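Grab a coffee and open the structure in your viewer. Try each exercise on your own before you read the solution under it.

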Amino acid sequence: MEIINRRQRMSSVLRRVRREEERTVGLVPTMGALHEGHLSLVREARQRCDAVVVSIFVNPAQFGANEDFARYPRDLTRDTAMLTDYNVDYIFAPPVEEIYPKSFSTYITVEGLSEPLEGTARPGHFRGVATVLAVLFNVVRPDTVFFGQKDAQQTLVVKRLVRDLAFETEVVVLPTVREPSGLALSSRNAYLSDTERQQATALYRALQAAKAVYKNGARSARRIAEAVSGEISLDPEVRLEYVSVTDANTLEHLDKLDDRPALVAIAARVGRTRLIDNVVLCPSKLNSRTMIEP
Ligand code: AMP
């Protein structure tokens, strides 16, 4: 496994991998502080691709001014040790100025999908996400990229980015990995105290409540949202920021759920920590753990 910091070196190494060795390349973009959720993506990449690249880059462009960019957990030594066990070929861990050289001024906005939900709570977030991914895609030229359903809106933004700008890469989305308590794994869980970690399981319970009322026949988005907010309100230490019920592929607001898969997405604060989670509700045997349409 080689750790590469420079984008030119990353490009030239992978050019050789693709052209001379004729190997396919899989990319798992991350911000590090790796956990089982990231590793599930790495495992899938290992199975599907000849060469696996994991990028580790805490992307300043996707953090708002009052967000946690400065204190976001960073531990490249630990991350490297974890990835050694997974037979990863390259870690791409560039410093900020490698991705955003002086006078960098080109940003990408995926209109429509970037504004609701997380986009409302975190203005500019997906502009930062789309921009860094475009740079990474151009440096790595992956045949396949791997993302987690945990960040449902991000998967839609990426799929649209890839289609609209004609990146020659396949986007694979994998299910959310959870603790036995139901809490979705997240690098930000490191901020939680033991008590807060317990309280944070309310997010999962709230989504399960939404699923239960849906299974019992409820089709009103308001009814489903109330199931979520009702469950969250049981713990006064957990503050719901939003619950949204939308078309799972377009993020259009729904009043009534129909044949289309619906995304129930939530953001909540536990102490100072902001957490997100989601569940997909759909009537048929379609895979409800990940997005349905390419
Ligand atoms: P991050 O490092 O938080 O930017 O996440 C990197 C990738 O890992 C993204 O595609 C995330 O959606 C994915 N990811 C994060 N947490 C989980 C999880 N609990 N289960 C599955 N994928 C995850």
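What follows is a set of short exercises, each with a worked solution.

The model is predicted, with local features needing pLDDT of at least 70 and side-chain atom pairs counting only at pLDDT 80 or more, while totals for chains, interfaces and linings use all residues. Residues are numbered from 1 along each chain as its sequence is written, and side-chain values use heavy atoms, with hydrogens and water left out.

**Exercise 1. Asp68**

Find Asp68: is this residue buried or exposed, and which side chains does Asp68 make polar contacts with?

Solution. Start with the place: Asp68 sits in the loop between strand S3 (51-56) and helix H3 (76-84). Helices (H or I, at least four residues) and strands (E, at least two) are DSSP runs, numbered from the N terminus.

Next, the burial. Asp68 counts as buried because its relative accessibility is 12%. The cut-offs are under 20% relative accessible area for buried, over 50% for exposed, and partly exposed in between (1.4 Å probe, protein chains only).

Now the partners. The Asp68 side chain makes a polar contact with the side chain of Arg188 at 2.7 Å, and another, at 2.9 Å, with the side chain of Tyr191. A polar contact here is a pair of N or O atoms within 3.5 Å; within protein, one must be able to donate a hydrogen and the other to accept it, and residues adjacent in sequence count only if both atoms are side-chain atoms.

Finally, widen the search to any contact, meaning heavy atoms within 4.5 Å. Setting aside neighbours within four places in sequence, Asp68 is in contact with Phe63 as well as Arg188 and Tyr191.

**Exercise 2. The nonpolar cores**

Work out how many residues the largest nonpolar core has and which helix gives the largest share.

Solution. Get the term straight: a nonpolar core is a set of buried Ala, Val, Leu, Ile, Met, Phe, Trp, Tyr and Cys residues joined through side-chain atoms within 4.5 Å. In soluble globular proteins, nonpolar side chains tend to be buried together.

The largest core here has 48 residues, and Met10, Val53, Leu133 and Phe137 have the most contacts inside it. Its largest share, 11 residues, comes from helix H6 (residues 125-140). There's also a second, separate core of 30 residues, which includes Ala206, Leu207, Ile266 and Ala268.

Zoom in on Met10 to finish. Beyond its neighbours within four places in sequence, Met10 is in contact with Ile4, Val53, Tyr90, Phe92, Val139 and Val140.

**Exercise 3. Two helices**

At what angle do H1 and H6 pack, and which residues make the contact?

Solution. Geometry comes up front: helix H1 (residues 7-19) and H6 pack at about 50°, with axes 8 Å apart. Axes are lines fitted to C-alpha atoms, for helices over the stretch in contact, and angles run from 0 to 180 degrees between N-to-C directions.

So H1 is oblique to H6. Under 35 degrees counts as roughly parallel, over 145 as roughly antiparallel, 65 to 115 as roughly perpendicular, and the rest as oblique.

Then list the residues: Arg7, Met10, Ser11, Leu14 and Arg18 come from H1, and Val135, Val139 and Val140 from H6. Sorted by class, that's five nonpolar, one polar and two charged residues. For the sorting, Ala, Val, Leu, Ile, Met, Phe, Trp, Tyr, Cys and Pro count as nonpolar, Asp, Glu, Lys and Arg as charged, and the others, Gly among them, as polar.

**Exercise 4. Two arginines**

Find which backbone oxygens lie 2.9 Å from a polar side-chain atom of Arg178 and 3.1 Å from one of Arg239.

Solution. Take Arg178, in the loop between S6 and H8. Arg178 counts as partly exposed because its relative accessibility is 26%. The backbone oxygen you want belongs to Gly182. The Arg178 side chain also makes a polar contact with the side chain of Asp277, at 2.8 Å. Arg178 and Gly37 are 141 residues apart along the chain, yet their C-alpha atoms are separated by 7.8 Å.

Move on to Arg239, in strand S7 (residues 238-247). Arg239 is partly exposed, at 40% relative accessible area. This time the backbone oxygen is that of Gly271. Leaving out neighbours within four places in sequence, Arg239 is in contact with Ala267, Ala268, Arg269 and Gly271.
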